[in-house]
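Reader: Hey, got a minute to go through this one with me? I'd like to ask as we go.

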Amino acid sequence: AGTLSWFFYLITKHPDVEEKLLEELMKLEDRIGEETLSPPLHSECKKPLCDLCIAKFADLLTVEAVGEMHYLHASLTETLRLYPAVPVNGKEALQHDVLPDGTKIRAGDAIVYLSYAMGRLENLWGADAE
C-alpha cells in the first residue's frame with residue numbers, strides 16, 4: 001500500500017509520466033482489440049467508468065499483458081528506488097566475511113544500510129538521482 005501511495009504521488013508530480021503510462025495502457029487495449037478505455041463503451045453505459053467497463057479492463061490485465069508493460073515496470077521500480085518499502089535495514093553476520101570493498105566483518109557484527117539514502121546517491125544514479 002505504501003509503494004502504491006508513493007507511485008500515485010509521483011505520477012501527480014510528473015504529468016509526462018502519467019501520459020506515457022496512459023499511452024501504454026491504450027496500446028494494451030489496442031493489442032487485445034477491446035475498447036474498454038474509450039467512451040462510449042457500450043450502449044447502456046452513461047458513465048465513462050462504470051462497473052462493467054472496469055471489469056472488462058481488469059480482464060485485459062493478465063500476467064502476460066502486465067509483463068509487457070515496460071514503462072509501468074520502470075515507473076514502479078523508480079518509485080521503489082526513491083521510496084523503498086524498507087528504508088533502513090540491518091543484518092548480523094553469522095560468520096567472518098569480507099565485503100566487496102575489502103571491509104572485514106566478524107561473526108556477530110551488525111551491518112545496517114539505508115536503502116532510502118542509497119537510492120539517492122548521485123555517484124550511483126547520476127545528477128538527477130532525486
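Reader: Okay, is Glu130 buried or exposed?

Author: Glu130 is exposed, because its relative accessible area is 69%. Buried means under 20% relative accessible area, exposed means over 50%, and partly exposed is in between (1.4 Å probe, protein chains only).

Reader: Before I go on, where do these numbers come from?

Author: This is a predicted model, so local features need pLDDT of at least 70 and side-chain atom pairs count only at pLDDT 80 or more, while totals for chains, interfaces and linings use all residues. Residues are numbered from 1 along each chain as its sequence is written, and side-chain values use heavy atoms, with hydrogens and water left out.

Reader: Cool. Which side chain meets Glu130 in a salt bridge?

Author: That's Arg120, at 3.6 Å from N to O. A salt bridge here is a side-chain nitrogen of Lys or Arg within 4 Å of a carboxyl oxygen of Asp or Glu. Arg120 sits in the loop between H6 and helix H7 (122–125), and Glu130 is in the segment after H7, so the pair ties together parts that are 10 residues apart in sequence. Helices (H or I, at least four residues) and strands (E, at least two) are DSSP runs, numbered from the N terminus.

Reader: And is Arg120 buried or exposed?

Author: Arg120 counts as buried, because its relative accessible area is 13%.

Reader: How many salt bridges are there?

Author: There are 3 in the structure. One of them joins Glu78 and Arg81, at 2.5 Å from N to O. Both residues are in helix H5 (residues 70–82), 3 residues apart, which is about one turn of the helix. Glu78 is partly exposed at 34% relative accessibility, whereas Arg81 is buried at 10%. Arg106 and Asp109 also make a salt bridge, with their closest N and O atoms 3.8 Å apart. There, Arg106 is exposed at 54% and Asp109 is partly exposed at 21%.

Reader: What's Arg81 got to do with Ser115?

Author: They're in contact, meaning heavy atoms within 4.5 Å. Leaving aside neighbours within four places in sequence, Ser115 is in contact with Arg81, Pro84, Val86, Pro87 and Val88. Ser115 lies in helix H6 (residues 115–118), and it counts as buried because its relative accessibility is 18%.

Reader: Back to H5. What does Thr79 do there, contact-wise?

Author: Thr79, in helix H5, is buried with a relative accessible area of 1%. Setting aside neighbours within four places in sequence, Thr79 is in contact with Thr3, Trp6, Phe7, Leu10 and Pro84. A polar atom of the Thr79 side chain also lies 2.9 Å from the backbone oxygen of Ser75.

Reader: How far is Thr79 from Leu4?

Author: Their C-alpha atoms are separated by 8.6 Å, though the two residues are 75 apart along the chain.

Reader: New topic: which residues of H1 are buried?

Author: Phe7, Leu10 and Ile11 are. Looking down the axis of H1, those residues fall within an arc of 105°, so they line one face of the helix. The arc is that of the directions from the helix axis to the C-beta atoms. On the other side of H1, Phe8, Thr12 and Lys13 are exposed.

Reader: What about H3?

Author: In H3 (residues 51–60), the buried residues are Cys53, Phe57 and Leu60. Seen down the axis of H3, they fall within an arc of 45°, so they line one face as well. Asp51 and Asp59 are exposed on the other side.

Reader: Which residues make up the largest nonpolar core?

Author: It has 5 residues: Leu28, Phe57, Leu60, Ala65 and Met69. A nonpolar core is a set of buried Ala, Val, Leu, Ile, Met, Phe, Trp, Tyr and Cys residues joined through side-chain atoms within 4.5 Å. In soluble globular proteins, nonpolar side chains tend to be buried together. Leaving aside neighbours within four places in sequence, Leu28 is in contact with Leu60, Leu61, Ala65 and Met69.

Reader: Last one: how many helices and strands in total?

Author: The protein has 7 helices and 4 strands, in the order α-α-α-α-α-β-β-β-β-α-α along the sequence. Of its 130 residues, 23% count as buried.

Conventions. A polar contact is a pair of N or O atoms within 3.5 Å; within protein, one must be able to donate a hydrogen and the other to accept it, and residues adjacent in sequence count only if both atoms are side-chain atoms.
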